[in-house]
Amino acid sequence: MAPIIRPRRLRSTPAMRRLVSEVRLDPADLILPMFVKETLSQPAPLSGLPGVVQHTLDSLLTAAREAVAAGVGGLMLFGIPEIRDESGSQADDPDGILNRALRLLRDELGDETVIMADLCLDEFTSHGHCGVLDETGAVDNDATLERYASMAIAQARAGAHVLGLSGMMDGQVGVCREALDDHGFTDVVILGYTAKYASAFYGPFREAVDSELVGDRKTYQQDPANGREAMHELDLDLAEGADIVMVKPGLPYLDVLAEVATASPVPVWTYQVSGEYAMIEFAAAAGAIDRERAIEESLIAFKRAGADAILTYWATEVATALNGGVR
Ligand code: PBG
């Protein structure tokens with residue numbers, strides 16, 4: 001009855017398990033998304049994202065320094081302007097809050113970390129859509145591309161190393177690449193949100209950016225039922241010049257992440273979105289799961305599926321823990 005082959009041998013001690021683990025987390029794989037809001041005089045906590053705040057410019061810099069000291073791989077900035085309008089004019093205004101924040105971080109941190117900007121209009125438009133609207137109220141793809149090109153130049157001028165194209169307009173990577181190159185920003189990196197799904201898991205993010213969206217994003221973000229379509233989006237983003245590609249959200253789309261990671265010749269990142277964070281935080285607060293173990297397991301799942309880096313609101317905390325610090 002005694003088995004000869006015993007997989008349990010390699011699970012016998014912590015040292016053995018550590019030695020044979022296929023993937024591991026590294027602080028440099030973790031990217032911290034951060035929110036900066038124009039009108040604030042002090043950081044504002046978010047009820048849907050316990051532990052995450054909307055920053056002032058001052059608190060943003062402090063938190064950015066902490067993240068860098070913990071060894072995170074980079075920072076992804078989102079801006080919340082005071083004034084929103086139909087075209088999202090604050091998005092490409094050099095004095096818009098996001099561009100000011102980028103300039104501040106680049107001035108203070110230089111090339112010490114990788115500074116990234118969300119390139120999308122939803123935080124800046126009065127209607128809350130990721131693009132501009134036509135007369136019928138539909139999101140106008142090609143008119144939006146002109147706005148994205150202008151944002152790309154503004155964000156590059158403000159000092160962003162990486163632009164995160166999250167709007168899901170057709171042709172966005174190509175148009176932004178051309179605009180950047182025409183203005184001499186040939187070294188600015190484009191992160192294409194290759195597979196971005198119309199997801200309920202973005203729920204708490206709406207509070208984080210004070211979103212005023214009425215309706216949904218289903219005419220531009222992907223249908224959760226479609227995996228094959230992600231491979232089409234990958235082909236297009238690569239052909240248009242994406243330097244890095246993203247799958248978002250993370251956990252509900254591990255199959256898509258694994259397939260993109262197998263096929264992609266460029267780095268593949270994933271975004272552990274606000275709802276994924278909230279699920280673990282609230283379940284842990286209710287005593288249903290062990291918070292630290294659940295966080296680590298969720299992150300290791302992304303690595304196992306093939307992600308090279310992960311955007312997570314826990315980036316600083318986990319990087320600190322990985323460095324032997326106390327959480
Ligand atoms: C759009 C954007 C969204 C998120 C990041 N960029 C929201 C959306 O597409 O509706 C969500 C991130 C999160 O939920 O953590 N610019």
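Colleague: In this predicted model, which residues on the other side of α7 are exposed?

Modeller: Arg228, His232, Asp235 and Ala239 are the exposed residues there, and a residue is called exposed if 12 or fewer other C-beta atoms lie within 10 Å of its own.

Colleague: What makes Ala230, Glu233, Leu234 and Asp237 of α7 buried?

Modeller: The term asks for 20 or more other C-beta atoms within 10 Å of a residue's own, and Ala230, Glu233, Leu234 and Asp237 are buried in that sense. They cover an arc of only 105° around the axis, so they lie on the same side of α7. In general, an α-helix has 3.6 residues a turn, so residues three or four places apart point the same way. What covers the buried residues of α7 includes α5, β7, β8 and α8.

Colleague: How do you know that the length of α7 agrees with what a helix should span?

Modeller: At 1.5 Å a residue, the 13 residues of α7, from 228 to 240, should span 18 Å, and because its end C-alpha atoms are 19 Å apart, the two values agree. After α7 comes Gly241, which has a positive phi, near 105°.

Colleague: Which residues of α8 are buried, and why can they be said to line one face?

Modeller: Val256, Leu257, Glu259 and Val260 are the buried residues of α8. Seen down the axis, they fall within an arc of 170°, and therefore they line one face of the helix. The face turned away from that buried side carries the exposed residues Asp255 and Thr262.

Colleague: What do the buried residues of α8 pack against?

Modeller: They pack against β7, α7, β8, β9 and α10.

Notes: Residues are numbered from 1 along each chain as its sequence is written. This is a predicted model: local features need pLDDT of at least 70, side-chain atom pairs count only at pLDDT 80 or more; totals for chains, interfaces and linings use all residues. Helices (H or I, at least four residues) and strands (E, at least two) are DSSP runs, numbered from the N terminus. The expected span of a helix is 1.5 Å times one less than its number of residues. The arc is that of the directions from the helix axis to the C-beta atoms. Two residues are in contact if their C-beta atoms, placed from the backbone, lie within 7 Å.
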